[in-house]
Amino acid sequence: MTDTSQLQADILAQIDVASAPDALEAVRVAAMGKQGSITLLLKTLGGMSPEERAVNGPAFNGLRETVTAALSAKKAALDEAALNAKLAAETQDMTLPVALPATGSVHPVSQVMDELAEIFADMGFAVASGPEIEDDWHNFTALNIPESHPARAMHDTFYVDGKPDAETKYVLRTHTSPVQIRTMMGQKPPIRIIAPGRVYRSDSDATHTPMFHQIEGLVIDKGITLAHLRWTLETFIKAFFEVDDVVLRFRPSYFPFTEPSVEVDVGYSSKTNKPAGAGQADKWLEVLGSGMVHPRVIAACGLDPDEWQGFAFGTGVDRLAMLKYGLTDLRAFFDGDIKWLKHHGFSAFDLPSISAGAVL
Ligand code: DAH
């Protein structure tokens with residue numbers, strides 16, 4: 001018994017001081033291996049008398065169990081310490097810049113849409129969207145473009161095949177203006193939204209593609225005037241082109257869904273190739289269609305035009321991207337040429353934000 005206690009104390013002491021897995025393994029082999037002290041001790045049970053065995057059997061087995069438990073407890077402790085050391089050594093600094101080159105890039109059109117959303121969000125506008133396959137009523141009728149209206153022909157519409165006698169006719173939306181209708185019908189004023197997205201017209205040459213991108217803006221509230229429109233557009237143009245000063249020209253125009261309608265020209269400096277203020281601008285660039293939302297459009301959406309007024313505007317996103325980033329060929333936008341995308345694309349980690357200065 002005394003021998004067993006002594007042996008147990010010795011082995012437990014060795015386990016205690018083993019500071020690495022291989023040292024612990026050596027202790028295990030010395031005790032429980034083929035020639036180990038405990039293994040040899042257990043073998044002696046075979047040569048004992050039943051009485052001796054009755055006393056020593058439980059003692060030897062108890063010794064083996066105690067040592068086995070101590071070995072596995074120590075092994076778990078050593079494993080955990082090793083894991084913690086590894087985790088500490090492998091700590092990653094998540095604030096470090098991304099290792100470049102990162103694969104893929106953000107298309108200039110997507111970049112510009114993100115910039116526009118950021119600029120207008122700062123002015124309290126939400127982003128709205130609508131379907132690209134649109135019905136005749138939302139795309140035309142509700143926007144004060146009735147069946148026989150010449151504006152329908154102006155739009156070079158793609159019609160979607162349906163039953164010839166079907167009541168609802170579908171088109172690929174020819175502009176983002178139907179999102180105005182969906183928004184006014186879907187939520188109560190006051191409304192402040194922009195709606196960027198794809199539009200389609202049966203038109204194709206160096207400056208026209210059958211699919212292109214527009215952004216629509218809509219404000220509906222009480223007491224809204226052209227002055228609000230002017231301030232909004234000025235603020236947007238300055239932020240988007242990153243200039244301090246800009247001069248706008250409102251030219252009377254015609255759109256069925258606005259009254260009065262204006263086309264907005266931006267004073268442009270051919271020296272800086274950017275919009276500029278009154279002193280610096282040496283030419284006009286047409287950038288937007290806009291106007292006060294026609295009372296008939298407001299009424300078509302179930303709102304009372306005597307109570308609610310607003311302004312709307314619409315422009316081409318592709319053209320804005322070309323102007324801002326000096327791109328000359330619209331068709332290259334949609335070729336999917338990897339070299340072009342690598343050259344003109346933006347890093348996905350370089351998100352536009354007003355506060356970071358990327359868009360202001
Ligand atoms: N929907 C017009 C187009 O595609 C652009 C436009 C003009 C939108 C005037 C408007 C607006 O919201 O007020 O040519």
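## Contacts, cores and backbone geometry of a predicted model

Val-246 touches Glu-234, Ile-237, Lys-238, Val-266, Pro-275, Ala-276 and Gly-277, leaving aside residues up to four places away in sequence. This is a predicted model. Val-246 sits in the loop between helix 9 and strand 7 (248-255). Its relative accessible area is 8%, so Val-246 is buried. Tyr-268 lies 22 residues from Val-246 along the chain, and their C-alpha atoms are separated by 8.3 Å.

**Confidence**

Mean pLDDT for the chain is 91. Of its residues, 96% reach 70 or more. Helix 8 has the highest confidence, at 98. Helix 7 (residues 150-154) has the lowest, at a mean of 72. Where pLDDT is low, the predicted coordinates should not be read in detail.

**Nonpolar cores**

The largest nonpolar core holds 43 residues. Leu-116, Leu-233, Phe-236, Ile-237, Phe-240 and Phe-333 touch the most other members. Several elements give two or more residues to this core. The helices among them are helix 5 (108-122), helix 9 (226-241), helix 11 (317-325) and helix 12 (338-344). The strands are strand 6 (211-221), strand 8 (258-269), strand 10 (283-293) and strand 11 (309-316). Helix 9 gives the most, with seven residues. In soluble globular proteins, nonpolar side chains tend to be buried together.

Which residues does Phe-333 touch, not counting residues up to four places away in sequence? The list is His-107, Val-109, Asp-318, Ala-321, Met-322, Leu-327 and Trp-340.

A second, separate core has 23 residues. Its members include Ala-128, Val-171, Phe-257 and Ala-312.

**Helix 11 and its surroundings**

Why is helix 11 largely enclosed by the rest of the structure? Seven of its nine residues are buried, so the rest of the structure largely encloses helix 11. The buried residues are Val-317, Asp-318, Leu-320, Ala-321, Met-322, Leu-323 and Lys-324. The charged Asp-318 and Lys-324 are on that list. The cover over these buried residues includes helix 5, strand 6, helix 9, strand 8, strand 10 and strand 11. Just after helix 11, Gly-326 takes a positive phi of about 65°.

**Helix pairs**

Helix 5 packs on helix 11 at an angle of about 95°, with the axes 9 Å apart. Helix 5 is therefore roughly perpendicular to helix 11. On the helix 5 side, the contact uses Pro-108, Val-109, Gln-111, Val-112, Met-113, Glu-115 and Leu-116. Helix 11 meets them with Val-317, Asp-318, Leu-320, Ala-321, Lys-324 and Tyr-325. By class, this contact has nine nonpolar, one polar and three charged residues.

The axes of helix 2 (residues 21-32) and helix 4 (residues 50-89) come within 10 Å and cross at roughly 170°. Angles over 145 degrees count as roughly antiparallel, and helix 2 and helix 4 are therefore roughly antiparallel to each other. Helix 2 contributes Pro-21, Leu-24, Arg-28 and Met-32 to the contact. Helix 4 contributes Arg-64, Val-67, Thr-68, Leu-71, Lys-74, Lys-75 and Leu-78. By class, the contact has six nonpolar, one polar and four charged residues.

**Backbone geometry**

The table gathers two cis peptide bonds and two positive phi values.

| Site | Angle | Place |
|---|---|---|
| Pro-189 to Pro-190 | omega about 5° | Pro-190: loop between helix 8 and strand 5 |
| Glu-259 to Pro-260 | omega near -5° | Pro-260: strand 8 |
| Asn-144 | phi near 65° | loop between helix 6 (136-139) and helix 7 |
| Asn-273 | phi near 60° | loop between strand 8 and strand 9 (274-275) |

The bond between Pro-189 and Pro-190 is cis. The bond from Glu-259 to Pro-260 is cis too. Asn-144 has a positive phi in a residue other than glycine, and so does Asn-273. Is Asn-144 buried or exposed? Its relative accessibility is 13%, so Asn-144 counts as buried.

Gln-187 lies in the loop between helix 8 (178-186) and strand 5 (191-200). Pro-190 is found in the loop between helix 8 and strand 5 as well. With a relative accessible area of 38%, Gln-187 is partly exposed. Phe-250 is 63 residues from Gln-187 along the chain, and their C-alpha atoms are separated by 30 Å.

Methods: Residues numbered from 1 in each chain as written. Predicted model: local features only at pLDDT ≥ 70, side-chain atom pairs only at ≥ 80, totals over all residues. Heavy atoms only, no water. Axes fitted to C-alpha atoms, helices over the stretch in contact; angles between N-to-C directions. Helix = DSSP H or I, 4+ residues; strand = E, 2+ residues; numbered from the N terminus. Parallel < 35°, antiparallel > 145°, perpendicular 65-115°, else oblique. Contact = heavy atoms within 4.5 Å. Buried < 20%, exposed > 50% of the residue type's maximum accessible area, 1.4 Å probe, protein only. pLDDT = per-residue confidence, 0-100. Core = buried A, V, L, I, M, F, W, Y, C linked by side-chain atoms within 4.5 Å.
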